[in-house]
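Trainee: I would be grateful for a close look at a single part of this model, namely the place where its domains meet. Please treat it in one connected account.

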Amino acid sequence: MYTLYHQDGTRSGAALLVLEEGGLEYDLRHVDITSGEHRSESFLAVNPRGLIPTLVTDSSEVVSETAAIMMYLADRHRLAELAPLPDEAGRGALHDWLFYHVGEVQEAGKRQAYANRYSTDPADIPRIRAKAKEALLGRWRVVDRHLAANGPYHLGSRFSLVDLYLSITAAWLQTGDERAGSPDPESSLKSLPAVKRCYDLVAARPKCAPVLEAHLEGLRKILSDSLPE
Ligand SMILES: N[C@@H](CCC(=O)N[C@@H](CS)C(=O)NCC(=O)O)C(=O)O
């Protein structure tokens with residue numbers, strides 16, 4: 001039995017999708033980052049990094065990087081439907097795209113969302129945000145071009161956990177589409193058709209659909225509250 005410290009609307013949804021798709025048993029503990037619960041003494045005692053997701057295993061091992069949780073679960077439970085085994089074709093591409101999403105796409109997304117963390121001068125925030133947004137769109141376009149040429153999934157016709165990761169981060173673009181009079185149609189899912197196709201394929205999976213619905217709801221709520229400083 002696993003324990004996942006989680007909030008709907010955050011990237012911990014990607015870990016949740018692997019637990020669901022893998023048919024694994026877990027207990028969910030809600031952590032509200034908008035009210036700063038991730039910095040509470042009780043949560044820091046579990047994960048001193050103060051970040052979600054955080055997974056605690058049956059042997060009390062703590063794994064907290066999202067991609068590490070996803071790979072750990074897939075490998076430990078031999079979830080071949082989610083990840084090619086280490087000696088199988090596609091394993092290199094799996095690592096490559098997962099790391100690209102975490103280190104490049106998500107990095108720019110977090111920089112845009114938390115622009116205030118990148119300067120001591122609040123006057124810099126709009127410029128930091130604009131640059132992060134430019135990087136984010138550029139990186140999503142790289143993913144879109146790859147999926148258009150080689151898709152519908154990151155590994156071609158083979159679905160994998162990277163597609164689950166995409167569905168969680170692409171939801172940011174999806175909520176952009178939904179916001180009435182979205183000021184920037186360019187940064188919406190509609191401008192990335194191959195990403196949208198991959199997102200729709202994941203959203204159509206019976207075990208993923210409810211998680212993604214809750215994720216979108218959670219995201220709308222986080223956007224209407226405010227992110228932690
Ligand atoms: N590198 C970590 C980053 C985790 C992360 O930034 N989680 C966010 C939620 S999506 C969080 O806990 N944010 C709280 C904060 O940054 O204060 C990962 O990929 O799992």
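Mentor: Two residues are taken to be in contact if their C-beta atoms, placed from the backbone, lie within 7 Å. The model is a predicted one, and the domain assignment of the chain gives domain 1 (2-76) and domain 2 (91-217). Taken over C-alpha atoms, the centres of domain 1 and domain 2 are separated by 20 Å. By the contact criterion, 14 residues of domain 1 touch 14 residues of domain 2.

On the side of domain 1 that touches domain 2, α1 (12-21) and α3 (66-76) each supply at least two residues. The largest share of that side comes from α1, with 7 residues. Sorted by class, the side of domain 1 that touches domain 2 holds 7 nonpolar, 3 polar and 4 charged residues.

Helix α1 also has a place against the sheet. It lies across β1 (2-6), β2 and β3, and runs at about 150 degrees to β1. The sheet itself is open, with 4 strands in the order β2-β1-β3-β4 and mixed pairing. At its edges stand β2 (26-30) and β4 (62-63); each has a single partner strand, so one side of each is left without a neighbour in the sheet. The partner of β4 is strand β3 (residues 54-56), and the two pair in the antiparallel sense over 2 bridges. In one of the bridges, L55 is matched with V63 of β4. In general, strands of a sheet pair through backbone hydrogen bonds, either parallel or antiparallel.

A single residue, V102, is worth following next. V102 belongs to helix α4 (residues 91-113). Beyond its neighbours within four places in sequence, V102 is in contact with T66 and A67. V102 and A67 are 35 residues apart along the chain, yet 7.4 Å separates their C-alpha atoms. Is V102 buried, exposed or partly exposed? A residue counts as buried if 20 or more other C-beta atoms lie within 10 Å of its own, and as exposed if there are 12 or fewer. V102 has 19 other C-beta atoms within 10 Å, and is therefore partly exposed.

V102 and T66 appear again around the ligand, in a list that also includes T10, R11, I33, H38 and L51. The other residues around the ligand are I52, E65, K110 and P228. This shell divides into 5 nonpolar, 3 polar and 3 charged residues. V102 and T66 are thus in contact with each other, and both are among the residues around the ligand.

Conventions: Residues numbered from 1 in each chain as written. Predicted model: local features only at pLDDT ≥ 70, side-chain atom pairs only at ≥ 80, totals over all residues. Domains from an automatic or database assignment. Nonpolar A, V, L, I, M, F, W, Y, C, P; charged D, E, K, R; others polar. Pairing = 2+ DSSP bridges. Axes fitted to C-alpha atoms, helices over the stretch in contact; angles between N-to-C directions. Near = placed C-beta within 6 Å.
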